[in-house]
Amino acid sequence: MVGRILLLVLFMNAAFLIVNAVPETCPADLGGKCGEDSEWEGEFFPGVTKIKYEGPSSKNPLSYKWYNAEEVILGKKMKDWLRFSVAFWHTFRGTGADPFGAPTKSWPWEDGTNSIAMAKRRMRANFEFLNKLGVDRWCFHDRDIAPDGKTLKETNSNLDEVVALAKELQGDKIRPLWGTAQLFMHPRYMHGAATSSELGVYAYAAAQVKKAMEVTHYLGGENYVFWGGREGYQTLLNTDMERELDHMAKFLEAAAAYKKKIGFNGTLLIEPKPQEPTKHQYDWDAATTLNFLHKYGLLGEFKLNIECNHATLSGHSCHHDLETARINGMLGNIDANTGDPQVGWDTDQFLTDVGEATMIMLSVIRNGGLAPGGFNFDAKLRRESTDVEDLFIAHISGMDTLARGLRNAAKLIEDGSLAELVRKRYSSFDTELGAQIEAGKADFEMLEKKAMEWGEPKVASAKQELAEMIFQSAL
């Protein structure tokens with residue numbers, strides 16, 4: 001009896017191993033080959049043709065309803081207003097894993113390794129995706145596109161090998177919107193990178209940024225981003241905040257100097273975020289980051305990459321942080337995503353709220369566009385979305401939402417009613433005294449004399465409901 005039970009247990013264990021073994025899933029077409037040294041044969045997305053504009057009445061999920069790349073809006077083509085980009089990490093390295101569950105996604109071309117061969121295969125998939133989507137920009141972290149080696153020298157060699165392929169696949173049309181270094185995942189960065197308490201980590205991070213900036217420049221990248229995911233603290237009890245901020249400033253100063261040394265003309269961007277994974281991140285929001293850059297004399301060297309979900313985590317709307325950056329001449333790029341108002345973390349969902357997209361595009365139009373920045377889809381499929389075509393559907397939806405926002409913003413501007421409401425609200429300053437105040441020529445004695453002369457001021461309605469009505473009528 002005991003022997004039978006043992007036999008049954010062994011059988012069940014063997015069955016479990018067979019069922020749960022990672023299958024060789026490459027390639028999609030039956031004539032292809034699979035293996036460490038083999039190339040993928042055929043298409044990565046054989047069921048998807050090039051995505052085309054079919055108009056708002058189309059029921060085809062693999063078509064654009066609102067994004068018509070060549071259509072001119074307010075004197076500029078839609079593709080030039082929007083300058084869309086695909087995020088390599090979410091699109092090709094996202095697994096669906098979360099703190100409570102294992103990965104749910106295994107794309108057909110994946111072989112379960114993080115080898116150089118697999119990195120090259122992902123890169124080929126990336127460019128087929130870009131071409132079929134009709135997008136000519138992409139973004140990457142260094143460690144997402146190529147694996148770590150045993151040493152920094154070997155890691156750099158791995159990166160060079162994959163980047164050489166990317167350069168070949170890009171051709172003359174496709175370029176990185178931006179590149180960056182992943183300075184948050186490896187255990188060495190547990191205390192931060194530029195703000196680490198360990199000098200060796202600071203030096204390693206500098207070497208990693210140096211290399212990432214070089215390959216971004218080599219690939220023709222238009223920008224380079226700094227996201228300090230671990231540049232912050234968990235408690236001030238063991239933190240010298242002043243020293244860490246000074247170190248971070250010196251790090252960014254050295255990065256700006258190296259950019260000039262290698263002849264990289266791209267814009268350096270800082271991406272604010274309030275927290276997660278740290279309790280408090282030093283570049284909390286747009287205003288905090290601008291103050292940091294001002295204090296350390298770096299305003300002329302950097303602009304901001306505003307991520308919408310980060311803005312809401314800091315207690316603002318995306319529109320607020322965009323306007324904060326814009327009116328200070330510091331809006332460089334937008335990471336287009338959103339969060340769930342019922343969830344208190346960075347969910348990185350594709351933006352599908354047309355009202356929010358319209359407010360975003362009002363800022364972009366007032367900014368005169370984003371070039372050399374653009375809209376990067378720093379957004380990922382939901383854990384439960386596991387079909388390959390979902391990658392296309394998600395990007396199409398996000399692109400259509402922002403295109404619709406652009407159309408709505410243009411309607412609001414051409415109509416002029418909202419702008420006129422705002423003008424009337426501040427019209428009391430469109431006077432001789434108002435001009436003196438705005439020119440800094442009205443002192444307190446002059447203003448006191450006027451207050452005495454006029455008596456109790458009349459205060460007009462702000463017309464908020466009318467403003468909201470005008471806005472909603474354009475959606």
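**Exercise 1. Find what surrounds the second largest cavity, and say which elements and residue classes contribute.**

Start with the size: the second largest cavity takes up about 40 Å³. Keep in mind that this is a predicted model.

Next, go round the wall. The lining consists of Pro272, Pro274, Trp284, Asp285, Ile306, Glu307, His310, Ala311, Ser314 and Asp321. Two elements give two or more residues to it, β10 (302-307) and α10 (308-313).

Finally, sort the lining by class: five residues are nonpolar, two are polar and three are charged.

**Exercise 2. Work out how many cavities of 30 Å³ or more there are, and describe the largest one.**

Here's the idea behind the search: rolling a probe the size of a water molecule over the atoms shows where empty space is left.

With that cut-off, the tally is two cavities of 30 Å³ or more. The largest holds about 260 Å³ of space.

Now its wall. There are 23 lining residues, and Phe226, Trp227, Gly228, Glu231 and Leu252 are the ones nearest the cavity's centre. The elements that supply two or more lining residues are β6 (223-226), α8 (241-261) and α9 (286-295).

Sorted by class, the lining of the largest cavity comes to 16 nonpolar, four polar and three charged residues.

**Exercise 3. Classify the contact between Tyr224 and Phe226, and decide whether each residue is buried or exposed.**

First, the overall tally: the model has 24 aromatic pairs. Tyr224 and Phe226 make one of them, with ring centres 5.1 Å apart and planes at 70°. Since planes over 60 degrees apart count as edge-to-face, that's the label for this pair.

Then check burial, where the cut-off is under 20% relative accessible area. Tyr224 comes in at 0%, so it is buried. Phe226 has 10%, so it is buried too. Phe226 also turned up in Exercise 2, among the residues nearest the centre of the largest cavity.

**Exercise 4. Look for further ring contacts: which residues form a cluster, and which charges sit over a ring face?**

Step one is to follow the ring pairs. They join Phe44, Phe45, Phe88, Phe92, Trp107, Trp109, Phe127, Phe129, Trp138, Phe140 and Phe392 into a cluster.

Step two is the charges. Lys167 sits over the face of Tyr218, 4.8 Å from the ring centre. Arg188 does likewise with Tyr204, at 3.9 Å from the ring centre.

**Exercise 5. Place strand β11 (residues 331-335) among its partners and explain why it is largely enclosed.**

Take one partner at a time. β10 pairs with β11 in the parallel sense, over four bridges. In that pairing, Leu304 has Leu331 of β11 as its bridge partner.

On to the next partner: β11 and β12 (residues 375-377) are also parallel, with two bridges. Here Asp335 is bridged to Asn376 in β12.

Now count burial. Five of the five residues of β11 are buried, so the strand is largely enclosed by the rest of the structure. And β10, one of its partners, is an element we met at the lining of the second largest cavity.

**Exercise 6. Locate Leu447, judge its exposure and give its distance to Asp430.**

Leu447 belongs to helix α16 (residues 444-454). Its relative accessible area is 28%, so it counts as partly exposed.

For the distance, use C-alpha atoms: those of Leu447 and Asp430 are 16 Å apart, with the two residues 17 apart along the chain.

Key: Residues numbered from 1 in each chain as written. Predicted model: local features only at pLDDT ≥ 70, side-chain atom pairs only at ≥ 80, totals over all residues. Heavy atoms only, no water. Phe/Tyr/Trp six-rings, centres within 6.5 Å; stacked < 30°, edge-to-face > 60°. Buried < 20%, exposed > 50% of the residue type's maximum accessible area, 1.4 Å probe, protein only. Lys NZ or Arg CZ within 6 Å of the ring centre and 35° of its normal. 1 Å grid on protein atoms, 1.4 Å probe; cavity = no way out; pocket = protein on both sides within 12 Å on 5 of 7 lines; lining within 4 Å. Points joined across faces, edges and corners; volume = space filled by probe spheres on them. Nonpolar A, V, L, I, M, F, W, Y, C, P; charged D, E, K, R; others polar. Pairing = 2+ DSSP bridges.
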